[in-house]
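Work through the exercises below with the sequence and the 3D structure open. Each task is followed by a worked solution.

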There are 2 protein chains.
Amino acid sequence: MEKKGVLKAGAGSMEAVKTQYFTFGDLATGGLVLDSGEKIAPVTIAYETYGALNSEKSNAVLILHALSGDAHAAGSHAQEQSPGWWDAMIGPGKAFDTGKYFVICSNVLGGCGGSTGPSSINPKTSRAYALDFPLITINDMTRCQKKLIEHLGIEKLVSVAGGSMGGMQVLSWLAMYPSSIKSAIPIATSMKHSPQQIAFNEVGRQAIISDPHWKSGNYYGSALPAKGLAVARMIGHITYMSDTSMNEKFGRQKKNTTEPFKFTSDFEVEGYLRYRGDNFVKRFDANSYLYITKAMDNFDLLEGKGPEGLFRGTDARVLVIAFKSDWLYPAYQSKDIVKACKRAGVQVSYCEINSTYGHDAFLLETEEETRLISHFLKKAFYDYEVTGRYEV
Amino acid sequence: MEKKGVLKAGAGSMEAVKTQYFTFGDLATGGLVLDSGEKIAPVTIAYETYGALNSEKSNAVLILHALSGDAHAAGSHAQEQSPGWWDAMIGPGKAFDTGKYFVICSNVLGGCGGSTGPSSINPKTSRAYALDFPLITINDMTRCQKKLIEHLGIEKLVSVAGGSMGGMQVLSWLAMYPSSIKSAIPIATSMKHSPQQIAFNEVGRQAIISDPHWKSGNYYGSALPAKGLAVARMIGHITYMSDTSMNEKFGRQKKNTTEPFKFTSDFEVEGYLRYRGDNFVKRFDANSYLYITKAMDNFDLLEGKGPEGLFRGTDARVLVIAFKSDWLYPAYQSKDIVKACKRAGVQVSYCEINSTYGHDAFLLETEEETRLISHFLKKAFYDYEVTGRYEV
């Protein structure tokens, strides 16, 4: 069946993706007004696109990344081997099929992957913002994405989809721009952080702030708070896995080492965490870590309000996905999203995938996700009826 | 019913407890041979006792502390308000009834509560051991406790009891000195750490080691690695609580603050963690934290051996207690202890207490523990038959 106006993107189109940049606002005309009331200008948003926009501009899907992600969701950059963070899900014939959809992913405001963030130059001082960067929220991130979508001439998205903090942005889209989306896929996420989630983030922040190289955020151009950021990342990694997946991956396997015992890493799990921590430092800005985790902690979709008003009037369909072994974003938080949608009369499906990967499952259980999402998207795109198989 | 030889200790006896010290071994005669093969001498063990030893010396109970505990388990020191760490369990009429039992608690080898540890003076150098302190194991801690018990003239203990790392020492007693105990009460513990447990400890160690004040352990007499140790403790605290207990205690309550936003603690849970982290630094040595957590991670009771040989020949009765919401030492680890006891023909009872307090429950669910333990102890002491109500 030939679909009108859908341009087929060849497999080759995924092989040399490029990050692009969109800048809006200047100091004279005001720029972006944030939830805090502060203004920021100019704002640059780094983004990538995969597949081709059809002539009706009706086949666009927006992918939203998690805490440590960036605009590079799929394909590979020239001269680089490593594919994007959700490459298994985005491409020809994949869940977000670039043969059908025009897929967009942008780096969040406050990030360090090309979008304006604390490491960007503050036009007022000609130096990096550092802690002069204003407090940002998940909704502020979403506002920037909306500007980008408008810039691309897209009025309505087929879907917004993302896991973890990406899922928070999905919920923010649903609340702020319900008429601009046909569907929404919040994965392994929450309408608000529990104190346990806040606590893990806070310990990560404390590790960074305690690093003497952090210097109240003014470390640009000098030694980085690398050790603090590495510890923060190590904590994160433990919470992204499950007891079971760590057992399967590491057990109590010890490393072969002839070093004398001086608190070197004996167990493989220790070496793995140190490696992941050290690697993270090379690609992530410590101040971005502080600002973004605070935005996550402060996110509270309903904030005392009932869902009826918030989602009222949307005809967007919602697919909520959770994972059984995810103890950082437990399934009860996804079920709360489902309940809120139901109370607001939003058509919602729920699927709890039986995975042992913990929170990381949203990046790893791509086969099951593909099955669910490609089916869901097809219906959203072609206006079929959604019948939630796993509806609660 | 009057029990022969049991001295009644008055309630007053708990009001002015004192830490005592027992020192053994000297460099000339060898001292303590450790699992690593290294020797250490002299070894001082700080301990406290509550209640009175009967004339037969048959009413002694040994209490074993967790990672951050010390010899001060009950009562209050003169000029100090704060009672010992398990005061709700030890005293006249309590679970470990000082009207009946002579209760002993000692600080572990490697600790910083008066027992020999990395902050002690190395007689070879006349300076603090720091990282010249040898690698220690849970079994090494137990060896020191055995020396103390012998020093007190006690041949057989009514019971050895403890939670978390204290429970590991209980298991070590059961394996090394089965004929020296009538019963054993391992609580919220494990025969070996999972990679997740190792990982949380490792991140804490990394936080300490990353603190520039740590200086490869040689910080004595200068600035302490306080920030690193505080972060380690904060991580610990999250793992000691449960998602539910944190929700109940903090919710998303924010602190009243008028400070400008600069990553200060907004949420009450953040303030709590910082407070607990900072407080810990005043009373705990960072190197002890490193050595003791390594001893926990390296502990592997069976280490490839079957339980049949390990526990064979003991007539000690075992009461294993776990807590439903304890995700750091999940109930399956306690059930593994029960299975090992059963395979070895050891008489074992198991109780899983329905608590929301997480791992901290072993310190907080004292009412339920009292009911179980006082009953169990009475039977062990008077040689009644144990009928495990919750036997698996």
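The exercises that follow treat a predicted model, going from chain symmetry to the interface, helix packing, single residues and the core.

**Exercise 1. Determine how chain A and chain B are related.**

Step 1. Superpose the chains: a turn of 180° with a shift of 0.0 Å along the axis lays chain A on chain B, with an RMSD of 0.0 Å.
Step 2. The two copies are therefore related as by a two-fold rotation axis.
Step 3. Compare the contact surfaces: 100% of the contact residues of chain A recur in chain B, and the same surface serves both copies.

**Exercise 2. Describe the contact between the chains and find which element of chain A gives the most to it.**

Step 1. Count the residues: chain A supplies 40 and chain B supplies 41.
Step 2. List the elements of chain A that give two or more residues to the side touching chain B: α3 (195–210), α4, α5 (243–249), α6 and α7 (286–298).
Step 3. Of the elements on this side of chain A, α3(A) gives the most, with twelve residues.

**Exercise 3. Decide whether A:S210 is buried or exposed, and list what it touches.**

Step 1. Locate the residue: A:S210 belongs to helix α3 of chain A.
Step 2. Count its surroundings: 22 other C-beta atoms lie within 10 Å of A:S210. The cut-off for a buried residue is 20 or more, so A:S210 is buried.
Step 3. Leaving out residues up to four places away in sequence, A:S210 touches A:G228 in its own chain, and B:K227, B:G228 and B:V231 in chain B.
Step 4. Check one distance: A:S210 and A:K227, 17 residues apart in sequence, are 9.6 Å apart in space from C-alpha to C-alpha.

**Exercise 4. Classify the packing of α4(A) against α6(A).**

Step 1. Take the angle and the distance: helix α4 (residues 226–240) and helix α6 (residues 268–281) of chain A pack at about 125°, with their axes 8 Å apart.
Step 2. Angles of 65 to 115 degrees count as roughly perpendicular and those over 145 as roughly antiparallel, so α4(A) and α6(A) are oblique to each other.
Step 3. Assign the hand: the crossing of α4(A) and α6(A) is right-handed.
Step 4. Name the residues in contact: α4(A) uses A:A226, A:L229, A:A230, A:V231, A:R233, A:M234 and A:H237, while α6(A) uses A:L273, A:R276, A:G277, A:D278, A:F280 and A:V281.

**Exercise 5. Classify the packing of α1(B) against α2(B), then place B:D140.**

Step 1. The axes of α1(B) and helix α2 (residues 165–176) of chain B are 9 Å apart, at an angle of about 70°.
Step 2. The two helices α1(B) and α2(B) are therefore roughly perpendicular to each other.
Step 3. In α1(B), B:I138, B:N139, B:M141 and B:T142 meet residues of α2(B) that include B:M168 and B:W173.
Step 4. B:D140 also lies in α1 (residues 138–151) of chain B. With 23 other C-beta atoms within 10 Å, B:D140 is buried.
Step 5. Beyond residues up to four places away in sequence, B:D140 touches B:L34, B:D35 and B:L109.

**Exercise 6. Identify the residues with the most contacts inside the largest nonpolar core.**

Step 1. The largest nonpolar core has 245 residues.
Step 2. A:I63 and B:I63 have the most contacts inside this core.
Step 3. Apart from neighbours within four places in sequence, the contacts of A:I63 include A:W86, A:I90, A:F96, A:V103 and A:I104.

Methods: Residues are numbered from 1 along each chain as its sequence is written. Chains are lettered from A and ligands numbered from 1 in the order in which they are written. This is a predicted model: local features need pLDDT of at least 70, side-chain atom pairs count only at pLDDT 80 or more; totals for chains, interfaces and linings use all residues. A nonpolar core is a set of buried Ala, Val, Leu, Ile, Met, Phe, Trp, Tyr and Cys residues joined through C-beta atoms within 7 Å. A residue is buried if 20 or more other C-beta atoms lie within 10 Å of its own, exposed if 12 or fewer, and partly exposed in between; C-beta atoms are placed from the backbone. Two residues are in contact if their C-beta atoms, placed from the backbone, lie within 7 Å. Copies are superposed by least squares on the C-alpha atoms of residues with pLDDT of at least 70 in both. Axes are lines fitted to C-alpha atoms, for helices over the stretch in contact, and angles run from 0 to 180 degrees between N-to-C directions. Helices (H or I, at least four residues) and strands (E, at least two) are DSSP runs, numbered from the N terminus. Angles under 35 degrees count as roughly parallel, over 145 as roughly antiparallel, 65 to 115 as roughly perpendicular and the rest as oblique. A crossing is left-handed if the near helix is turned anticlockwise from the far one by less than a right angle, and right-handed if clockwise.
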